[in-house]
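Hi everyone, thanks for coming. Let's put today's structure on the screen and walk through it together.

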Amino acid sequence: MLADLGGIAIALPVLAVAVGYAAWQGRRARALAVVLAMAAVPVLVMPLKLWLDRPGPLTAESGYYPSGHTATAMVAYCGAALLLAPRTGRAGRGWAMPVAVVLSVATGIGLVLRGYHWPLDVLGSWLLCGMLLALLVAALRRIDNRGAAGSGADAP
């Protein structure tokens, strides 16, 4: 069941709710930045899968590195946390990102335990998406700084 947390049927609706809420709250630039980060996942993952052509643990089929489900989970859940945390007060900032990290780690563990991926497939996705999320955080800070200096529409 944990492996399914990285599927688009679960992770993307969670992100869509957070994006919708952020847009409804007038934080459209932040929402767009997170959507673009999510759109970057297949753009980054698919060429690597094709180029590396790594077989899975229980199959001779290839294209298992890096794990797309792990990448989807990490960007969707952490992106949702980044959108929701500023609006949930101090208590929300204390739980939103840890929950996102737990869901991301649980997805990776589930994928390995079910034999869908090698541990290195999951680790590779965590590293790749960690860099993507670092860029997203930098973009969100820039958006917040611009919003605070300007109209205040995207300010925290």
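I'll talk about one aspartate and then about the cysteines.

A quick word on the ground rules: this is a predicted model, where local features need pLDDT of at least 70, side-chain atom pairs count only at pLDDT 80 or more, and totals for chains, interfaces and linings use all residues. Residues are numbered from 1 along each chain as its sequence is written, and side-chain values use heavy atoms, with hydrogens and water left out.

So, Asp 121. You'll find Asp 121 in helix α5, residues 119–149; helices here are DSSP runs of H or I, at least four residues, numbered from the N terminus. Asp 121 is buried, at 0% relative accessible area, where buried means under 20% with a 1.4 Å probe, protein chains only.

Which residues does Asp 121 touch, leaving aside neighbours within four places in sequence? They are Arg 54, Tyr 64, Tyr 65, Pro 66 and Ser 67, with contact meaning heavy atoms within 4.5 Å. Take Tyr 64: 57 residues from Asp 121 in sequence, yet the C-alpha atoms are 6.8 Å apart. The side chain of Asp 121 also makes a polar contact of 3.1 Å with the side chain of His 117; that term needs N or O atoms within 3.5 Å, one able to donate a hydrogen and the other to accept it, and for residues adjacent in sequence both must be side-chain atoms.

Now, the cysteines. How many disulfides are there? Zero, taking a disulfide as two cysteine sulfurs within 2.5 Å. For Cys 78, the closest cysteine sulfur belongs to Cys 129, and at 9.1 Å that is too far for a bond. Cys 78 is buried at 5% relative accessibility, and Cys 129 is buried at 2%.

Thanks, happy to chat!

Technical notes: Helices (H or I, at least four residues) and strands (E, at least two) are DSSP runs, numbered from the N terminus. Buried means under 20% relative accessible area, exposed over 50%, partly exposed in between (1.4 Å probe, protein chains only).
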